[in-house]
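Welcome, and thanks for opening the viewer. Please load the model, switch on a cartoon view, and keep the selection box handy for the stops below.

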Amino acid sequence: MRQQIAPFPPARYEIVLKIANYAKEWDLARMILFQWRQRSPDDAALLFWEAKINFGEGNWEKAIEIDPTYAEALNNLAIAYEHEGDLEKARVNYEKALGL
């Protein structure tokens, strides 16, 4: 079960990303997510969306550490590894995601 500590429903994260994407206001989205993360640093969903904006594998790994059953984070970590050319780590994470 994914931890939901933040006082904001996950749909609000998606709204921030959709607005940011539409308006190309990535700095604003990063700032909002940063503020939410200050309130709830262990919220796996916040880490997921922050990683989605920054495409940083460190946040995918943190989200997975908080919730090892977070298949979408495992899949996105695999994609990040694949883009870096680390196909073995990509394969391992794809398999973990598929196994959930």
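Begin with a surface view of the whole protein chain: its accessible surface comes to about 6,000 Å², and carbon and sulfur atoms account for 55% of that. Keep in mind as you go that this is a predicted model.

**The whole chain**

Now go back to the cartoon and colour by secondary structure. You will find 6 helices and 0 strands, so to speak an α-α-α-α-α-α run when read from the N terminus. If you colour by burial instead, 37% of the 100 residues in the chain come up as buried. How many of the contacts between residues at least 6 apart in sequence join residues at least 24 apart? The share is 44%.

**The nonpolar core**

Next, select Leu-33, Phe-48, Trp-60, Ala-63, Tyr-70 and Ala-73 and show their side chains. The largest nonpolar core has 23 residues, and these six touch the most other members. Helix H2 (26-39), helix H3 (44-54), H4, H5 and H6 each give at least two residues to this core. Which helix supplies the largest share? That is H3, with 8 residues.

Stay with Leu-33 for a moment and list its surroundings. Apart from neighbours within four places in sequence, Leu-33 is in contact with Leu-46, Trp-49, Glu-50 and Ile-53.

**Helix H5**

Select residues 71-84 to bring up helix H5. This helix has 14 residues and spans 20 Å from its first C-alpha to its last, close to the 20 Å expected at 1.5 Å a residue. Colour its buried residues and you should have Ala-73, Leu-74, Asn-76, Leu-77, Ala-78, Ala-80 and Tyr-81. One of them, Ala-73, has already appeared among the core residues that touch the most other members. Step past the end of the helix to Gly-85, which follows H5 and has a positive phi, near 90°.

**Asn-76, a stop inside H5**

Zoom in on Asn-76, which sits in helix H5. Is this residue buried or exposed? Asn-76 counts as buried because its relative accessibility is 11%, and the cut-off for buried is under 20%. Show what surrounds it: leaving out neighbours within four places in sequence, Asn-76 is in contact with Phe-48, Lys-52 and Trp-60. Phe-48 and Trp-60 are names you have met in the core. For a distance to draw in the viewer, try the C-alpha atoms of Asn-76 and Ala-97: they are 9.4 Å apart, while the two residues are separated by 21 places along the chain.

**Salt bridges**

Time for the charged side chains; the count of salt bridges comes to 4.

Start in helix H4 (residues 57-66), where Lys-62 and Glu-65 both lie, 3 residues apart, or about one turn of the helix. Their side chains meet in a salt bridge, with 3.8 Å from N to O. Why do these two partners fall into separate burial classes? Lys-62 counts as partly exposed because its relative accessibility is 28%, whereas Glu-65 counts as exposed at 58%. The spacing of the pair fits a general point: an α-helix has 3.6 residues a turn, so residues three or four places apart point the same way.

Move on to Asp-86 and Lys-89. These two form a salt bridge whose closest N and O atoms are 4.0 Å apart. Lys-89 is partly exposed, with a relative accessible area of 41%, and Asp-86 is partly exposed too, at 27%.

Finish in helix H6 (residues 87-98) by selecting Glu-88 and Arg-91, which both lie there, 3 residues apart, about one turn of the helix. Their side chains meet in a salt bridge of 2.4 Å, N to O. Arg-91 is partly exposed at 36% relative accessible area, and Glu-88 is partly exposed at 45%. Add Glu-95 to the selection to complete the picture: salt bridges that share partners join Glu-88, Arg-91 and Glu-95 into one network.

Methods. Residues numbered from 1 in each chain as written. Predicted model: local features only at pLDDT ≥ 70, side-chain atom pairs only at ≥ 80, totals over all residues. Heavy atoms only, no water. Helix = DSSP H or I, 4+ residues; strand = E, 2+ residues; numbered from the N terminus. Expected span 1.5 Å × (residues − 1). Buried < 20%, exposed > 50% of the residue type's maximum accessible area, 1.4 Å probe, protein only. Contact = heavy atoms within 4.5 Å. Areas by Shrake-Rupley, 256 points an atom, 1.4 Å probe, with all protein chains shown as cover. Core = buried A, V, L, I, M, F, W, Y, C linked by side-chain atoms within 4.5 Å.
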